[in-house]
Amino acid sequence: MPDRPTPSYEVYALRYATAPERKSQDNFIFPDIHDAPMPLDFYIWAIRGQGRTIVLDTGFSEAAAKRRQRVFLRSPGAALDAIGIDAAAVQDVVISHLHYDHAGNMDLFPRATFHLQDAEMAYSTGRCMCHAVLRRPMEVEDVLTAVRHVYADRVRFHDGTGEIAPDVTVHLVGGHSGGLQVVRVPTARGWVVLANDATHFWANIRNRSPFPLVADVGRMLEGFRIVEELADGPDHIIPGHDPLVLTRFPAVKGQPEIVRLDAPPTG
Ligand SMILES: [Zn+2]
Ligand SMILES: [Zn+2]
């Protein structure tokens, strides 16, 4: 192994939308019979350090929020601006997967290279999209935008594990979609994994109970194991849609919708 110190990065979760009416039976493949309110939040994530800025996912637009009846809190671009990140200058954007809530605003990043798994592009342009249930969380315009970026030399494909910046790596998990990837980041508190839709809530991974929107249940269950192996512990796994992320981690001063994930949880 090279004798190089592990760098550490700042990591942020930025909430941009919410679905407050959701019930717990909507969030588990085998729901509890005692149903209860269980809202779902929408985030993008940012990683900063070593002179680099990396954004994970681009969120959806206000128009998409209206179509899908989500409560839009602010544009993901405005959220990044609030922590001093100019979307127009960002050079690396990881797209975890091509669902509408993760890949909807690529145009906000005109200088970026988009990091995507081979398997996700094949999934979102191939035979799985002949099935309405798997197509439902996609916006065809987002997929077309991704294809255009391939033709404009702006996509860097990964096949499994890849490095985005020193010790910041992507890992193929799949399951929820054909080629979903998670991001592992070294921080001052250890290895954090931005799991996004590999586990929507902490309860999905803790109870080994997948979210019902899933392309391959077996791979999703294997994904729980992969994510656990990559992270330093349960609090180092950041779920993709859990409102608890905002309450458990310290907020950036004056920004209650943005929390620091490289800091230890407060609750
Ligand atoms: Zn998804
Ligand atoms: Zn999602």
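Start by selecting helix α3, residues 118-125. Its buried residues are A119, E120, M121, Y123 and S124, where "buried" means that 20 or more other C-beta atoms lie within 10 Å of a residue's own, "exposed" means 12 or fewer, "partly exposed" is in between, and C-beta atoms are placed from the backbone. Now add β6 (113-117), α5 and β9 (168-172): they are among the elements covering the buried residues of α3. Helices (H or I, at least four residues) and strands (E, at least two) are DSSP runs, numbered from the N terminus.

A quick word on what you're looking at: this is a predicted model, where local features need pLDDT of at least 70, side-chain atom pairs count only at pLDDT 80 or more, and totals for chains, interfaces and linings use all residues. Residues are numbered from 1 along each chain as its sequence is written, while chains are lettered from A and ligands numbered from 1 in the order in which they are written.

**Stop two: helix α5**

Select residues 140-151, which make up α5. How far does α5 reach from its first C-alpha to its last? Its twelve residues span 17 Å, close to the 16 Å expected at 1.5 Å a residue; that expected span is 1.5 Å times one less than the number of residues. Just after α5, click on D153, whose phi is positive, near 65 degrees.

**Stop three: the open sheet**

Next, show the five strands ordered β8-β9-β10-β11-β12, an open sheet with mixed pairing. Look at its edges: β8 (162-165) and β12 (237-239) each have a single partner strand, so one side of each is left without a neighbour in the sheet. Neighbouring strands here are turned by 25 degrees against each other on average, direction ignored. (Axes are lines fitted to C-alpha atoms, for helices over the stretch in contact, and angles run from 0 to 180 degrees between N-to-C directions.)

Keep the sheet on screen and add helix α7, residues 217-230. This helix packs on the sheet and touches β9, β10, β11 and β12, and its direction makes about 155 degrees with that of β11. Touching, or being in contact, means that the C-beta atoms of two residues, placed from the backbone, lie within 7 Å.

Zoom in on β10 (181-187) and β11 (190-196), which run antiparallel and are joined by five bridges. Two strands count as paired if DSSP finds at least two bridges between them. The two strands form a hairpin with two residues between them. Try selecting V185, which stands opposite V192 in β11, and then V183, whose bridge partner is L194. On to β12: three bridges join β11 to β12, and these two run parallel. V193 stands opposite I237 there. Is β11 mostly covered or mostly open? Mostly covered, with five of its seven residues buried.

**Stop four: β1, β2 and β3**

Jump to β2, residues 40-49, where nine of the ten residues are buried. On one side, β1 (10-19) pairs with β2 in the antiparallel sense over nine bridges, and R15 stands opposite Y43. β2 is also joined to β3 (52-56) by five bridges, again antiparallel. Here G49 stands opposite R52. The hairpin of β2 and β3 has two residues between the strands, and Q50 takes a positive phi near 55 degrees.

**Stop five: L14 and I258**

Select L14. Leaving aside neighbours within four places in sequence, L14 is in contact with Y43, I44, A46, A79, L80, E257 and I258. Follow that last contact to I258, found in strand β14 (255-260). I258 is buried, with 22 other C-beta atoms within 10 Å. Y43 and I258 are 215 residues apart along the chain, yet their C-alpha atoms are separated by 9.2 Å.

L14 also belongs to the largest nonpolar core, which has 63 residues. Such a core is a set of buried Ala, Val, Leu, Ile, Met, Phe, Trp, Tyr and Cys residues joined through C-beta atoms within 7 Å. Which residues touch the most other members? L14, V193, L194 and V227 do.

**Last stop: zoom out**

Show the whole chain, with its eight helices and 14 strands. The C-alpha trace spans about 50 × 45 × 40 Å along its principal axes. Buried residues make up 45% of the 267.
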